[in-house]
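Subject: The structure we talked about

Hello,

Here is the structure I promised to pass on. Please have a look at it first, and then read my notes below.

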Amino acid sequence: MNLNQITIPSLNVEKSVAFYKALGLRLIVDSIPTYVRFECPEGDATFSIHKVDALPQGNGISIYFEHDELDKLVAALEQKGLVFDQLPEDKPWLWREAHLKDPDGNTLILYHAGANRKNPPWRVV
């Protein structure tokens, strides 16, 4: 089995498109105002957004995007006007992470984990 795509809800799909394009995702399906789908710059995974009348309550969704040069990416995104809740920081689980929110309040974690992504020292064999 392989993960194909993640779909998140949005109150304003068009506003979300601009945000995710700024992150570097490529728009491949455009059915604004109800649905869009992106390709990630690397790999085969896709990412889609669909229009909803109300966002989920509670903690919501966290989305992780890995990038080998996290600090450079964050600096470039800040130059585009994106605001981060947390700048790149080394975490005890051996990932380097930066946090921000999309226009609908979904949490995005941009990170670099390298080999520790799937093979941390404490991995269950």
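A term to start with: a residue is called buried when its relative accessible area is under 20%, exposed when it is over 50%, and partly exposed in between. Please also keep in mind that this is a predicted model.

**Salt bridges**

The count of salt bridges comes to six. One of them joins the side chains of arginine 26 and glutamate 39, with 3.7 Å from N to O. The two partners are 13 residues apart and link distant parts of the chain: arginine 26 sits in strand β2 (residues 26–31), and glutamate 39 in strand β3 (residues 35–39). How accessible is arginine 26? Its relative accessible area is 40%, so it falls between the two limits and is partly exposed. Glutamate 39 is partly exposed as well, at 33%.

Another salt bridge brings together the side chains of glutamate 66 and arginine 117, at 3.8 Å from N to O. This pair also connects distant parts of the chain, 51 residues apart, with glutamate 66 in strand β5 (residues 62–66) and arginine 117 in the segment after β8 (107–112). Glutamate 66 has a relative accessibility of 31% and counts as partly exposed; arginine 117, with 45%, is partly exposed too.

Then there is the salt bridge between the side chains of glutamate 89 and lysine 91, at 2.8 Å from N to O. Are its partners buried or partly exposed? Lysine 91 is buried, with a relative accessible area of 14%, whereas glutamate 89 is partly exposed at 37%. In addition, Asp71, Asp90 and Arg96 are joined into one network by salt bridges that share partners.

**The sheet and its helices**

Four strands make up an open sheet with mixed pairing, in the order β5-β8-β7-β6. At its edges are β5 and β6 (84–90), each of which pairs on one side only. On average, neighbouring strands of this sheet are turned by 20° against each other, direction ignored.

β6 pairs with strand β7 (residues 96–101) in the antiparallel sense, over four bridges. Glutamate 89, which you met above in the salt bridge with lysine 91, has glutamate 97 in β7 as its bridge partner.

Two helices lie across strands of this sheet. Helix α1 (residues 13–23) lies across β5, β7 and β8 and runs at about 5° to β8. Helix α2 (residues 70–79) lies across β6, β7 and β8, running at about 160° to β6.

Best wishes

Note on methods: Residues numbered from 1 in each chain as written. Predicted model: local features only at pLDDT ≥ 70, side-chain atom pairs only at ≥ 80, totals over all residues. Heavy atoms only, no water. Salt bridge = Lys/Arg side-chain N within 4 Å of Asp/Glu carboxyl O. Buried < 20%, exposed > 50% of the residue type's maximum accessible area, 1.4 Å probe, protein only. Pairing = 2+ DSSP bridges. Axes fitted to C-alpha atoms, helices over the stretch in contact; angles between N-to-C directions. Contact = heavy atoms within 4.5 Å.
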